[in-house]
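The exercises below are meant to be worked with the sequence and the coordinates side by side. Try each task before reading the solution that follows it.

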Amino acid sequence: MNRLYEYQKRLLSVCLICLMCIGVFACGKKQDTMEKIKDLECTVIPEDNLPEELFNMIELKKENPFKMTFEDKGFLYICVGYGTQQTGGYSIAVNELYETSNAVYIDTNLIGPSPEEKSNPVESYPYIVVKTEFIDKPVVFD
């Protein structure tokens, strides 16, 4: 009886070690390498062409920085807002928009106003909305 117990204990230990090894190797393959599959074509959508529901959502969020997505009629809208700025004249550049095997990546940059526009102390809420084909993957904002 004692020999059977020892045998079962060793067998259980070997099985646990095998399961841990399988888990370690399987998890290593799931990492997103951020390797670009393709660049995505997009259109910058002006405020007056936004879907009404999206426009209302942005109006509620625009005073603070925000990042969000919206899907409508087979299109994906990616929105990035930079919150309240002390002057107008800001613009936003889309540096990259691409798809990987696990996600859609977007990188934007806020570009400051010219010296003349800095002297006009009117608050602004710069944001950008880009429209692209709908892709059922999470969006990663850089």
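**Exercise 1. A salt bridge and its surroundings**

Is Lys 137 buried or partly exposed, and what is its relative accessible area?

Solution. The model is a predicted one, and in it Lys 137 has a relative accessible area of 23%. Because buried means under 20% and exposed means over 50%, Lys 137 is partly exposed. The next step is to look for its charged partner: Glu 99 forms a salt bridge with Lys 137, and the closest N and O atoms are 2.7 Å apart. This pair links distant parts of the chain, since Glu 99 belongs to strand 5 while Lys 137 is in the loop between strand 7 and strand 8, 38 residues away. The partner sits on the other side of the cut-off, for Glu 99 has a relative accessible area of 10% and is buried.

**Exercise 2. Further salt bridges**

How many salt bridges does a search of the whole structure find, and which residues do salt bridges with shared partners join into one network?

Solution. The search finds 5 salt bridges. One of them brings together the side chains of Lys 36 and Glu 96, at 3.6 Å from N to O. Here too distant parts of the chain are linked, with Lys 36 in the loop between helix 1 (2-28) and strand 1, and Glu 96 in strand 5, 60 residues apart. Lys 36 is partly exposed, at 39% relative accessible area, and Glu 96 is likewise partly exposed, at 34%. Another salt bridge is formed by the side chains of Glu 59 and Lys 62, at 3.2 Å from N to O; in that pair Glu 59 counts as partly exposed, at 32%, whereas Lys 62 is buried, at 19%. As for the network, salt bridges that share partners join Lys 36, Asp 39 and Glu 96.

**Exercise 3. The order of the elements and the open sheet**

Describe how the elements follow one another along the chain, and then determine which strands stand at the edges of the open sheet of 4 strands.

Solution. The protein has 3 helices and 8 strands, which from the N terminus run α-β-β-α-β-β-β-β-α-β-β. The open sheet consists of 4 strands in the order 1-5-6-8, with mixed pairing. Strand 1 (38-39) and strand 8 (139-141) stand at its edges, each with a single partner strand, so one side of each has no neighbour in the sheet. Strand 1 runs antiparallel to strand 5 (residues 91-99), and 2 bridges join them. Within this part of the sheet, Asp 39 is placed opposite Tyr 98 of strand 5.

**Exercise 4. The nonpolar cores**

Which elements give two or more residues to the largest nonpolar core?

Solution. The largest nonpolar core has 12 residues, among them Leu 40, Ile 78, Leu 97, Val 104, Ile 135 and Val 139. The elements that supply two or more of its residues are strand 4 (75-82), strand 5, strand 6 (104-111) and strand 7 (127-133). Strand 4 makes the greatest contribution, with 3 residues. Apart from this core lies another, of 11 residues, including Leu 50, Tyr 77, Cys 79 and Val 129. Leu 40 allows a closer look at the first of the two: leaving out residues up to four places away in sequence, Leu 40 touches Leu 97, Tyr 98, Glu 99, Val 104, Thr 132, Glu 133 and Ile 135. Over the protein as a whole, buried residues make up 27% of the 142 residues.

**Exercise 5. A proline in a loop**

Where is Pro 113 placed, and with which residues is it in contact beyond its neighbours within four places in sequence?

Solution. Pro 113 is in the loop between strand 6 and helix 3 (115-118). Its relative accessibility is 9%, so Pro 113 counts as buried. Beyond its sequence neighbours, Pro 113 is in contact with Thr 87, Gly 88, Gly 89, Tyr 90 and Lys 118. A distance completes the description: the C-alpha atoms of Pro 113 and Ser 91 are separated by 7.5 Å, although their positions lie 22 residues apart along the chain when counted as a separation.

**Exercise 6. The cysteines**

How many disulfides does the structure hold, and is Cys 79 buried or exposed?

Solution. The structure holds 0 disulfides. Cys 79 is buried, at 0% relative accessibility, whereas Cys 42 is partly exposed, with a relative accessible area of 33%.

How values were computed. Residues numbered from 1 in each chain as written. Predicted model: local features only at pLDDT ≥ 70, side-chain atom pairs only at ≥ 80, totals over all residues. Heavy atoms only, no water. Buried < 20%, exposed > 50% of the residue type's maximum accessible area, 1.4 Å probe, protein only. Disulfide = S-S within 2.5 Å. Pairing = 2+ DSSP bridges. Core = buried A, V, L, I, M, F, W, Y, C linked by side-chain atoms within 4.5 Å. Contact = heavy atoms within 4.5 Å. Salt bridge = Lys/Arg side-chain N within 4 Å of Asp/Glu carboxyl O.
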